[in-house]
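I opened the notebook to go through one model, element by element. Here is what I looked up.

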Amino acid sequence: MARSSLTREQVLDTAGALVKRHGPQALTMRALAAELGTAVTSIYWHVGNRESLLDALVERTVQEMGTLRPAGRTPAARIVSVARGLHRELRARPHLIAMVHERGLTERMFLPAQQALVHEVHAAGLRGARAAAAVRAVQFQTVGFLLVERNRERSPVQSPGEGDLWTASTADDDPALARALARPADPDRLFADSVRALVEGLLAGSAQQGSRRGTGMRGRETAE
């Protein structure tokens with residue numbers, strides 16, 4: 001590919017794909033040039049040296065993580081949609097996320113998702129410290145779930161495994177529970193169920209508080 005036909009975006013796209021597949025250690029200027037079918041000098045001309053290229057990939061990842069948009073008819077549904085989108089995007093680019101973390105930009109990367117959550121918890125009636133706690137709870141649940149997920153994926157084959165360990169006796173005489181726990185978990189469904197339950201619990205207090213306020217106001221109006 002001639003330098004005149006190569007663009008900076010193409011270089012970044014290919015570099016990002018290399019990092020996603022093999023990690024940042026596989027990203028050399030020579031490997032990138034071979035992948036693009038161009039000369040190494042052409043890569044330097046478009047993105048500078050390797051450190052500049054890594055910085056550009058990190059900045060791009062931060063920007064991409066800022067494109068999450070809530071979906072759903074209620075604040076609770078929209079909060080869950082943000083969490084699921086964040087989980088999906090983090091899981092899709094572990095090596096790039098690690099590079100963001102190494103450069104001290106993790107908090108900046110999470111800011112757009114946090115702002116989307118702030119908007120929705122406000123819409124649900126939470127304010128101040130309770131709203132902050134809800135935002136952090138959803139973020140920590142999302143990141144923590146992903147860490148457990150990664151650990152399970154990388155762990156050696158377990159012997160005995162879950163299928164061997166769960167029986168009616170180990171499940172407190174609940175055969176259906178034993179059968180369910182013996183089956184492999186569905187991470188996507190499990191994450192959606194867990195974050196939905198968390199959000200419902202976090203927002204339940206605001207609904208009750210709003211109901212109490214309404215009752216109090218009606219009581220004052222009746223007294224008057």
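**Entry 1: helix 1**

How many Å should the 15 residues of helix 1 span, and how far apart are its end C-alpha atoms? I note first that this is a predicted model. I took residues 8-22 at 1.5 Å a residue, which gives an expected span of 21 Å. The end C-alpha atoms are 21 Å apart, so the two agree.

Next I looked up which residues of helix 1 are buried. I found V11, L12, T14, A15, G16, L18 and V19. What covers them? The cover includes helix 2 (29-36), helix 3 (40-47), helix 4 (50-64) and helix 6 (94-102). I then stepped past the end of helix 1. G23 follows, and its phi is positive, near 90 degrees.

**Entry 2: the whole chain**

I counted elements. The protein has eleven helices and zero strands. Read along the sequence, the pattern is α-α-α-α-α-α-α-α-α-α-α. I checked burial over the 224 residues, and 33% count as buried. I also checked how contacts are spread along the sequence. Among those between residues at least 6 apart, 68% join residues at least 24 apart.

**Entry 3: Q114 and T142**

Is Q114 buried or exposed? I place Q114 in helix 7 (residues 106-123). Its relative accessibility is 19%, so Q114 counts as buried; the cut-off is under 20%. Leaving out residues up to four places away in sequence, Q114 touches V135 and Q139.

I turned to T142 in helix 8 (residues 128-154). T142 has 0% relative accessibility and therefore counts as buried. Where does its side chain place a polar atom? I found one 2.8 Å from the backbone oxygen of V138. Not counting neighbours within four places in sequence, T142 is in contact with A83, L86, H87 and F191.

**Entry 4: the largest pocket**

I moved on to empty space. Rolling a probe the size of a water molecule over the atoms shows where such space is left. The largest pocket has a volume of about 410 Å³. It is lined by 14 residues, and those closest to its centre are V148, R152, E153, E162 and A185.

Which helix gives the largest share of this lining? Helix 8 does, with five residues. Helix 8 and helix 11 (187-223) each supply at least two. By class, I get seven nonpolar, three polar and four charged residues in the lining of the largest pocket.

**Entry 5: the second largest pocket**

The second largest pocket has a volume of about 330 Å³. I listed its lining: L90, P94, I97, A98, H101, T106, F110, V143, L146, L147, R150 and R154. Helix 6, helix 7 and helix 8 each supply at least two of the lining residues. Helix 8 gives the largest share here too, five residues. The classes are eight nonpolar, two polar and two charged.

I picked H101 out of this lining. H101 is in helix 6. Is H101 buried or exposed? H101 is exposed, with a relative accessible area of 55%. I also looked up its C-alpha distance to V58. The two residues are 43 apart in sequence and 9.2 Å apart in space.

**Entry 6: backbone oddities**

I finished with the backbone. Most residues other than glycine have a negative phi, and most peptide bonds are trans. I therefore looked for departures from both rules.

Which peptide bond did I find as cis? The bond from S159 to P160 is cis, with omega near 0 degrees. P160 is in the loop between helix 8 and helix 9 (162-165).

For phi, I noted two aspartates. D172 has a positive phi of about 60 degrees, although it is not a glycine. D173 has a positive phi too, about 55 degrees, and is not a glycine either. D172 lies in the loop between helix 9 and helix 10 (175-182). D173 lies in the loop between helix 9 and helix 10 as well. How accessible are they? D172 is exposed, with a relative accessible area of 68%. D173 is at 65% relative accessibility and so counts as exposed.

Key
Residues are numbered from 1 along each chain as its sequence is written. This is a predicted model: local features need pLDDT of at least 70, side-chain atom pairs count only at pLDDT 80 or more; totals for chains, interfaces and linings use all residues. Side-chain values use heavy atoms; hydrogens and water are left out. Helices (H or I, at least four residues) and strands (E, at least two) are DSSP runs, numbered from the N terminus. The expected span of a helix is 1.5 Å times one less than its number of residues. Buried means under 20% relative accessible area, exposed over 50%, partly exposed in between (1.4 Å probe, protein chains only). Contact means heavy atoms within 4.5 Å. A polar contact is a pair of N or O atoms within 3.5 Å; within protein, one must be able to donate a hydrogen and the other to accept it, and residues adjacent in sequence count only if both atoms are side-chain atoms. On a 1 Å grid over the protein atoms alone, a cavity is a set of points where a 1.4 Å probe fits but cannot get out, and a pocket is an open set with protein on both sides within 12 Å along at least five of seven lines; lining residues have an atom within 4 Å of a point. Grid points are joined across faces, edges and corners, and a volume is the space filled by probe spheres set on the points. Ala, Val, Leu, Ile, Met, Phe, Trp, Tyr, Cys and Pro count as nonpolar, Asp, Glu, Lys and Arg as charged, and the others, Gly among them, as polar.
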